[in-house]
Amino acid sequence: MSAALPFAHVPHPAPTAEAVRSGLVADPGFGKIFSDHMVTIEWTEGQGWHSATLGPRQPIALDPAAAVLHYAQEIFEGLKAYRLADGTMALFRPEANARRFNASAQRLAMPELPEDLFIEAIRQLVAVDADWFPTVEGGSLYLRPFMIATEAFLGVRPAKEYKFIVIASPAGNYFKSGAPAVSIWVSDYTRAAPGGTGAAKCGGNYAASLVPTAEAFAKGHDQVLFLDAAEHRWVEELGGMNLFFVMADGRIVTPPLTGTILPGVTRNSLLQLAAEEGLKVSEEPYSLDQWRADAASGALLETFACGTAAVVTPVGKVAGRDGEFMIGSGGPGQITQKLRSRLVSIQRGEAPDPHGWVVKL
């Protein structure tokens, strides 16, 4: 049913003119420009996945009673297509995104999508919209697969109809501050609680983060930091990224995956790369108070955030209602730069890929 599911191809009646597209991809920023096409696949109870279509990107027709609009049955993923040195396109660990997508689907009582169908949908879209790859240095084609509940009903139960969609967006740099390292604000709000949906990549998690994120922006910071819900003491993650701490004794520490933190694909990759660099990798709880104390004493050398959109980003300053503190010199550290360079080099085919992470298209 999955790999053999045929894709109907619907021609675009008015694709973007080459001159217009070239201007758009010269400096696209992040998440503002979209390519011409999208993939849609339907799921219906009793029939399963069907009606796979590659066609023009267009508005989605939804009944006003569609379940996604009332009960937020929605999940998504984020990954990138890269252009390699030989001009071909490649994905980075798409099977990991497919697995996480299905883990999110399980948590929100949605149907799982076969991994090979998830990847094939992306292949189809990248193939037709490869010309939307940005010309800016470090650019990529950001891919957003998502699934919504489309059944029209107002009863509180899992929907019986869903739509899986993939769209693409040429992407440049995620952060626009221009600073060598980002500044983060410690929020009084909670992102996720034990037993909740913190480990799922669902829209509701991000909706709940918008007020604290806006507060961080208003105070002049680039991102918001969430602490744990129970004690409001332990560092969990940023609004959309995982955190790592580089210690003076050669350790790298990151908060453990206990169900309230999103299991990032970039996070997992960096854990492996750090170990290969001879660093002792530790997944353990790390408190805000310890972070402040270690930064002051020099026991902490660097902090960085990571995620698909921002890749690896140094953290230079942490601020909250109890004051602020600087990490190192406030700029990018050697380990942060080294790990970022190794990761990006593998993603772009510029370095050996011993793990088989790069999937050529």
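Several elements share the lining of the largest pocket in this predicted model: β7 (140–149), β8 (161–171), α5 (203–218), α6 and β15 (300–307) each contribute at least two residues to it. The largest share comes from α5, which supplies five residues of the lining. In total, 38 residues line the largest pocket, and those lying nearest its centre are Phe30, Tyr174, Tyr206, Gly240 and Ala309. Rolling a probe the size of a water molecule over the atoms shows where empty space is left, and in the largest pocket this space comes to about 740 Å³. Sorted by class, the lining of the largest pocket holds 18 nonpolar residues, 13 polar ones and seven charged ones.

One of the elements that contribute to this lining is helix α6, which runs over residues 265–276. Helix α6 has twelve residues, and the distance from its first C-alpha to its last is 17 Å, close to the 16 Å expected at 1.5 Å a residue. An α-helix has 3.6 residues a turn, so residues three or four places apart point the same way. Which residues of α6 are buried? They are Val265, Thr266, Arg267, Ser269, Leu270, Leu271, Leu273 and Ala274. Just after α6, Gly278 takes a positive phi of about 85 degrees.

Within helix α6, Arg267 can be followed in detail. Arg267 counts as buried because its relative accessible area is 3%, which is under the 20% cut-off. Leaving aside residues up to four places away in sequence, Arg267 touches Asn242, Phe244, Thr254, Pro255, Pro256, Leu257, Glu283 and Cys306.

Cys306, one of these contacts of Arg267, leads to the matter of disulfides. A disulfide is a covalent bond between the sulfur atoms of two cysteines. How many disulfides are there in this model? The count comes to zero. Cys202 is in no disulfide, and the nearest cysteine sulfur to its own, that of Cys306, is 19 Å away. Seen from the other side, the sulfur of Cys306 has its closest cysteine sulfur in Cys202, and because the distance is 19 Å, the two are too far apart for a bond; a pair would have to lie within 2.5 Å to count.

The table sets out the burial of the three residues discussed above.

| Residue | Relative accessible area | Class |
|---|---|---|
| Arg267 | 3% | buried |
| Cys202 | 4% | buried |
| Cys306 | 1% | buried |

Cys202, then, is buried at a relative accessible area of 4%, and Cys306 is likewise buried, with 1% relative accessibility.

Key
Residues are numbered from 1 along each chain as its sequence is written. This is a predicted model: local features need pLDDT of at least 70, side-chain atom pairs count only at pLDDT 80 or more; totals for chains, interfaces and linings use all residues. Side-chain values use heavy atoms; hydrogens and water are left out. Helices (H or I, at least four residues) and strands (E, at least two) are DSSP runs, numbered from the N terminus. The expected span of a helix is 1.5 Å times one less than its number of residues. Buried means under 20% relative accessible area, exposed over 50%, partly exposed in between (1.4 Å probe, protein chains only). Contact means heavy atoms within 4.5 Å. On a 1 Å grid over the protein atoms alone, a cavity is a set of points where a 1.4 Å probe fits but cannot get out, and a pocket is an open set with protein on both sides within 12 Å along at least five of seven lines; lining residues have an atom within 4 Å of a point. Grid points are joined across faces, edges and corners, and a volume is the space filled by probe spheres set on the points. Ala, Val, Leu, Ile, Met, Phe, Trp, Tyr, Cys and Pro count as nonpolar, Asp, Glu, Lys and Arg as charged, and the others, Gly among them, as polar.
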